[in-house]
Amino acid sequence: MRVWAGPFPLIQLFKCSVVEVILSSNKHLDKSRDYTFLHPWLGTGLLTSTGSKWHSRRKMLTPAFHFKILEDFLEVFNSQSTKMVEKLAKKADGQRFDIFPYITLCTLDVICETAMGVNIKAQDNSDSDYVKAVYRIGALVQQRQARPWLQSDLLYRLIGSSKEHDACLKILHGFSYGTIRSRRIEFQKEKTNKLAKHMDDEIIGKKRRLAFLDLLLEYSEEGRGLSDEDIREEVDTFMFEGHDTTAAAINWSLYLLGCHPEIQARVHEELDMIFSSPDQPVTMAELREMKLTENCIKEALRLFPSVPFLARELQEEAVIDNYRIPEGTTVMVVTYRLHRDPDQFPDPERFDPDRFLPENVSKRHPYAYVPFSAGPRNCIGQKFALMEEKILLSSILRKYRAESCTRREDLRLLGELILRPENGNTVKLFPRV
Ligand code: HEM
């Protein structure tokens with residue numbers, strides 16, 4: 001479908017064969033101009049960078065998402081989800097409430113601890129300046145993207161919310177730089193004490209876990225040319241990409257399970273088989289066993305992909321479906337529509353986790369389902385995200401049964417940077433005993 005975004009040509013793709021042309025390409029890697037409004041916050045970190053900078057950063061950061069490193073994060077996922085479930089205990093009385101913020105604050109705690117090594121305790125202190133700034137900046141960026149008259153810097157300064165935007169940035173960057181500086185000092189001290197090589201040494205009687213930030217500091221000390229600003233860009237990018245996306249996915253999974261008690265009962269059965277008690281911490285072994293739970297999350301990401309569309313700007317002409325698309329065109333992949341192609345997903349609106357049984361997956365086009373994008377610029381955090389989602393969702397369902405209060409036909413979607421339900425995720429929780 002061809003449309004214009006103001007003076008800029010734009011095409012929307014939602015058939016898997018044409019989506020493949022763009023996503024699998026090594027040429028069409030540059031993001032569209034919509035992403036420039038993220039630059040003041042994220043600079044040109046992995047999500048927003050292009051060309052050789054993106055290539056070298058992607059190569060450098062890929063090992064940071066190795067499964068061995070992710071395994072160390074299990075402790076964070078477990079401890080933060082335990083806290084969330086404790087908070088939910090007060091709400092599990094069968095009365096309606098919005099569970100969205102509980103899940104979001106938990107994922108914010110998780111990403112802060114794993115990306116920066118700092119426990120900001122957002123679940124206890126949702127009013128902190130940092131937590132408020134993270135939320136506000138997302139809304140401000142979205143506002144600017146959606147209003148063409150605010151896109152010029154001059155007009156944004158004159159009639160937009162640039163003062164508030166700058167105030168948020170001051171808090172966010174101040175926090176990231178402060179954390180980088182103090183971790184660098186710690187890092188230097190350890191190095192002097194010849195501890196740097198043994199990053200999992202005991203520190204104050206506790207096993208030292210590496211945050212993404214520590215790995216970046218290590219690279220920087222190895223002389224790989226990473227300044228504090230470079231590190232800040234990447235850490236802020238993880239903060240942005242890594243918490244709202246997972247929070248939305250867990251909420252949508254819970255929402256759909258709350259609409260389908262028969263499928264939720266099957267998930268409860270699976271969890272009861274795997275865990276001997278509702279408080280047992282999750283290890284890699286249990287994660288591997290949660291097959292139905294994982295398929296429910298995948299099916300929720302099909303129907304309600306956290307990132308509902310993504311966009312590239314063509315740096316050279318492309319041939320898509322026999323049409324010649326000129327350089328400079330914005331090509332938007334509309335994941336939300338792609339995932340509803342009835343040729344690939346018969347009866348597409350139906351919530352059916354069995355679509356992700358291996359025998360069904362193998363029948364589909366490889367680009368029919370791309371909630372994490374695909375090809376060279378796919379989501380670097382997808383394994384992290386699935387682990388976190390399985391742990392957080394299962395920790396809720398091991399203790400509670402959920403009923404969704406909004407019917408599918410009454411649902412109103414907000415397709416901003418992240419796809420979320422306009423009126424939150426109102427549920428009733430019941431203890432399972
Ligand atoms: C359910 C959770 C998640 C979903 C649905 C998701 C989805 C996506 C999508 C669709 C993209 C491509 C964006 C584009 O091309 O504009 C992307 C990129 C990215 N994601 Fe995720 N993401 C999730 C979680 C995470 C997490 C937890 C992290 C980090 C800890 C992360 C880090 C990134 C980064 C750094 C990129 C840019 C990669 C590059 O351009 O090389 N994401 N994600």
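Buried means under 20% relative accessible area, exposed over 50%, and partly exposed lies in between. With that scale in hand, let us walk through this structure, which is a predicted model.

**A bridge between distant parts of the chain**

Aspartate 272 has a relative accessible area of 45%, so this residue is partly exposed. Its salt-bridge partner is arginine 432, with 2.7 Å between the closest N and O atoms. The pair ties together distant parts of the chain: aspartate 272 belongs to helix α13 (residues 261-274), while arginine 432 lies in the segment after β13, 160 residues apart. Arginine 432 is partly exposed as well, at a relative accessible area of 25%.

**Other salt bridges**

How many salt bridges are there? The count comes to 34. Three of the pairs are set side by side here.

| Acidic residue | Basic residue | N to O distance |
|---|---|---|
| Aspartate 272 | Arginine 432 | 2.7 Å |
| Glutamate 294 | Lysine 298 | 3.0 Å |
| Glutamate 403 | Arginine 401 | 3.2 Å |

Glutamate 294 and lysine 298 both sit in helix α15 (residues 291-303); because they are four residues apart there, about one helical turn separates them. Which side of the burial cut-off does each partner fall on? Glutamate 294 has 19% relative accessibility and therefore counts as buried, and lysine 298, at 22%, counts as partly exposed.

In the remaining pair of the table, glutamate 403 is partly exposed with a relative accessible area of 30%, and arginine 401 is partly exposed at 35%.

Salt bridges also join into a network, whose members are Lys53, Arg57, Asp230, Glu233 and Glu234.

**From arginine 401 to a buried leucine**

Arginine 401 brings us to leucine 257: the two are 144 residues apart in sequence, and their C-alpha atoms are 9.4 Å apart in space. Leucine 257 is part of helix α12 (residues 244-259). With a relative accessible area of 1%, leucine 257 is buried.

**A three-stranded sheet**

Now to the strands. An open sheet is built from three of them, ordered β3-β13-β10, with antiparallel pairing. Its edges are β3 (96-98) and β10 (400-404), each of which pairs on one side only. On average, neighbouring strands of this sheet are turned by 45 degrees against each other, direction ignored.

Between β3 and strand β13 (residues 426-431), the antiparallel pairing runs over three bridges. Which residue in β13 is the bridge partner of phenylalanine 97? That partner is valine 427.

**The iron site**

The ligand carries an iron atom, and Cys379 is its only protein donor, through SG at 2.3 Å. Where along the chain is cysteine 379 placed? Cysteine 379 sits in the loop between α17 (358-361) and α18 (382-399).

**A nonpolar patch on the surface**

Finally, we come to the outside of the protein. Trp149, Leu154, Leu155, Leu158 and Ile159 make up a nonpolar surface patch, and together they have about 570 Å² of accessible area. One of these residues, leucine 154, is located in helix α8 (residues 153-159). Is leucine 154 buried or exposed? Its relative accessible area is 60%, so leucine 154 is exposed.

Key
Residues numbered from 1 in each chain as written. Predicted model: local features only at pLDDT ≥ 70, side-chain atom pairs only at ≥ 80, totals over all residues. Heavy atoms only, no water. Patch = residues over 30% accessible without salt bridge, like charges linked within 9 Å, V, L, I, M, F, W, Y side chains within 5 Å. Areas by Shrake-Rupley, 256 points an atom, 1.4 Å probe, with all protein chains shown as cover. Salt bridge = Lys/Arg side-chain N within 4 Å of Asp/Glu carboxyl O. Helix = DSSP H or I, 4+ residues; strand = E, 2+ residues; numbered from the N terminus. Buried < 20%, exposed > 50% of the residue type's maximum accessible area, 1.4 Å probe, protein only. Pairing = 2+ DSSP bridges. Axes fitted to C-alpha atoms, helices over the stretch in contact; angles between N-to-C directions. Donors = N, O, S within 2.8 Å, 3.2 Å for Na, K, Ca; no water.
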